[in-house]
Every structure is written in C-alpha cells, then in structure tokens.
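Biologist: I should like to learn how to read the packing of a protein model. Could we take helices, sheets and cores in turn?

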Amino acid sequence: MILLARQTSELQKILEVIVRRLPRTYNEYFNYNEHLRRIKVGFAGEQRVDAEWQELDLPSPHYILHDFQVINHAGSTHQMDTIFLCPHFLLILEIKNITGILSYDASFAQFIRTTADGTVEAMSDPFQQLERHVAWMKRLIQQERLSLPILHAVVLATKNGILTEDFKGQPIFHVTGLRSRMQKWLELHQPSVKKGEDLFRFANLLLTMHTRVKREINVPLRDIVKGVLCTNCVDGQPLRYHYKKWLCPRCGLVDRDALIRTLEDYRLLVGTKLTNKSFCEFFAIDSPNLAYKLLQQLPLKAEGIKRHRKYWILD
Ligand SMILES: [Zn+2]
C-alpha cells in the first residue's frame with residue numbers, strides 16, 4: 001500500500017515557469033535549464049524504480065512512502081527517495097539515475113562518474129547520505145519501542161550507469177535487481193513485528209512527520225517575461241483579452257485556462273499574496289478597471305477596500 005505518492009516537486013514547477021518565461025538570451029538561462037533537466041532526469045529515474053515495485057509480490061501488510069521529507073531535531077533535512085516497511089524490515093532506498101562509468105572510494109567518501117566523452121565528475125556519496133537517514137530512523141524506531149531491522153540500498157535506475165569493482169560489498173544494485181534483493185532480504189529477516197497494527201501505527205507516524213521542505217531558489221523576477229502568454233507560440237507572445245476571451249493575435253489560439261494558468265505561474269514565482277499593483281505588473285494589464293474585473297474571475301480571498309485591497313490565492 002502506497003501511503004505517500006511521489007509528486008512533481010515545487011522546485012521543478014518553479015524552474016519550468018522560469019525557463020518558459022526567461023528570454024533565451026538571458027545569461028543565466030542555461031543554468032536554470034540545466035538545473036531543470038537534472039531534476040527531470042532524477043524524477044524519471046524515481047518513477048522507473050516505483051514501477052518496479054508494482055511488479056513485485058510483496059508481503060502483507062506493507063507500506064511505501066515515496067519522497068519522504070523530514071526536518072530532524074538539529075534543524076537539518078532528510079529526504080528519502082523511498083521507504084518500504086513490512087513486518088520483516090524497514091528499507092530506505094536512494095535512487096540514482098546516472099549514466100557513465102561509476103567509481104567509488106569509501107575511505108574518501110568519493111563517488112565519481114566518468115562519461116563517454118571522458119568528463120570526470122564528483123558526486124555526493126550516496127552511502128553517507130543513507131547512513132544519515134538510517135541513524136535518524138533507528139532513533140525513531142527505538143523511541144517507538146519497535147523492533148525492526150533497518151536496511152538501506154542505492155538503486156541505479158538506468159543500466160547505462162556502469163558499476164566498477166569499487167562497489168563490491170556496498171549496498172548498490174540496478175533496478176532490475178530489486179526483485180532478487182527483496183527475496184533475499186525477506187528470507188534473511190523473519191517477521192519481527194508481530195502485530196499488524198504496530199506496523200501501521202509506525203507507518204502513519206512517518207506520514208504525519210512528513211514535511212515538504214522548501215528549496216530556496218533565486219527567481220530572476222525582474223527579467224522574466226510578464227503577461228498572459230500564448231502556449232502555442234514561443235518567445236513570450238502575449239494573449240489579448242477581447243470580449244471575455246484570451247486570444248493570440250499571432251496564431252489565433254483561444255485559451256480558456258490562460259488566466260488561471262498565469263495565476264499558478266504567479267503563485268510559483270511570487271507567492272500567494274496579490275495586490276492590484278502586483279497583479280497588473282505580473283499579468284501585464286494596463287487598465288485598473290480590467291484588472292478589477294479579472295481579479296473577480298479568479299479563486300481568491302479578498303480583504304480591504306479600494307487601493308488597500310489585498311488578495312490571497314486559495315489552495
Ligand atoms: Zn500564439
């Protein structure tokens with residue numbers, strides 16, 4: 001049973017809006033685009049591993065939490081790609097979607113990949129990350145007086161990530177190996193949680209602790225293209241509001257969702273609070289009358305009157 005489903009992250013959504021609204025000539029455009037590309041690759045890898053779980057015969061009961069995030073007692077973040085719980089054990093997975101030849105030096109906590117063109121790139125040590133997570137989880141399990149072994153592993157989501165001998169003895173395997181690993185682990189660890197409700201209670205405790213951690217990102221608000229934009233045309237072609245319809249003067253598109261979509265862009269880049277001024281700036285509206293009319297069409301909570309009127313985007 002999946003208790004916590006994987007979702008597209010807010011960071012990915014923010015980067016998508018930035019990339020869509022930044023002029024390609026902007027000097028940081030490449031960096032934003034590259035950041036977005038990496039996030040998408042990681043997400044695709046996670047989905048690949050999620051799909052593998054669906055193929056397996058799993059013990060009952062079991063609980064799965066994807067992309068579990070929590071802030072520990074010291075105020076730092078744990079982000080676990082997948083937590084699997086069953087009466088036999090608790091498993092924490094770190095998912096990597098990286099191609100190239102991978103090498104590792106445990107004594108230096110050094111994880112390196114060499115791509116086909118010979119580029120050598122250092123990456124953060126996933127085993128160290130996992131050990132941090134395991135330590136946190138161990139503490140919680142003890143606190144809850146539960147007896148459950150904690151296992152951990154790094155899963156490579158692509159066969160194009162080639163593991164070298166350096167990884168011998170390390171808990172790392174390709175996604176297709178998940179089935180046989182699970183079988184081995186289930187044979188090795190007999191059920192230690194006897195009561196199903198104890199496991200359910202613990203899985204639910206994790207769920208209540210889950211907090212979406214906000215990732216800080218610098219939004220180049222001044223340089224992004226403002227306005228209600230056409231989804232068909234490139235280069236930030238603005239739509240025109242004409243007889244209660246948003247239409248594109250270039251390609252003729254009539255877009256019924258234009259206003260609400262632009263509001264979502266606003267939420268991601270600016271926040272949930274609007275004023276007449278911030279609305280006019282972001283939506284590129286010149287007429288205060290039109291701004292007022294459009295604001296009434298949106299799902300907003302309003303407070304105050306006239307110039308002091310403020311709006312909040314509803315969830
Ligand atoms: Zn258009």
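Modeller: The discussion below treats a helix pair, a small sheet and the nonpolar cores of this predicted model.

Biologist: How should one read the packing of two helices, and what values describe α1 and α2?

Modeller: Two packed helices are described by the angle between their axes and by the distance between those axes. Here helix α1, residues 10-21, packs against helix α2, residues 29-54, at an angle of about 140°. Their axes lie 9 Å apart, and the crossing is left-handed.

Biologist: Which residues of α1 and α2 make the contact?

Modeller: From α1 come L11, Q12, L15, E16, I18 and V19, and from α2 come Y32, N33, H35, L36, I39, K40 and F43. By character, the residues of this contact are eight nonpolar, three polar and two charged.

Biologist: Let us turn to the sheet. What is the strand order in the open sheet of three strands?

Modeller: The order is β13-β15-β14, and the pairing is antiparallel. The edges are formed by β13 (273-275) and β14 (300-303), each of which pairs on one side only. On average, neighbouring strands are turned by 30° against each other, with direction ignored.

Biologist: How many bridges join β14 to β15, and which residues stand opposite W312 and I313 of β15?

Modeller: Four bridges join β14 to β15, residues 310-313. K301 stands opposite W312, and L300 stands opposite I313. These two strands form a hairpin with six residues between them. In its turn, G304 has a positive phi of about 85°.

Biologist: What links β13 to β15?

Modeller: β13 and β15 pair in the antiparallel sense over three bridges. In this pairing, L274 stands opposite Y311 of β15.

Biologist: Finally, which members of the largest nonpolar core touch the most other members?

Modeller: That core has 28 residues, and those touching the most other members are L65, I83, L85, L90, I92, V155 and A157. The elements that give two or more residues to the core are the strands β2 (63-71), β3 (77-85), β4 (90-96) and β8 (150-156), together with the helices α3 (126-143) and α5 (196-209).

Biologist: Taking I92 as an example, with which residues is I92 in contact beyond its neighbours within four places in sequence?

Modeller: I92 is in contact with M80, I83, L130, H133, V134, M137, I150 and H152.

Biologist: What does the second core include?

Modeller: The second core is separate and has 15 residues, among them L229, L239, C248 and F279.

Note on methods:
Residues numbered from 1 in each chain as written. Predicted model: local features only at pLDDT ≥ 70, side-chain atom pairs only at ≥ 80, totals over all residues. Core = buried A, V, L, I, M, F, W, Y, C linked by C-beta atoms within 7 Å. Buried ≥ 20, exposed ≤ 12 C-beta atoms within 10 Å, placed from the backbone. Contact = placed C-beta atoms within 7 Å. Axes fitted to C-alpha atoms, helices over the stretch in contact; angles between N-to-C directions. Left-handed = near helix turned anticlockwise from the far one by under 90°. Nonpolar A, V, L, I, M, F, W, Y, C, P; charged D, E, K, R; others polar. Pairing = 2+ DSSP bridges.
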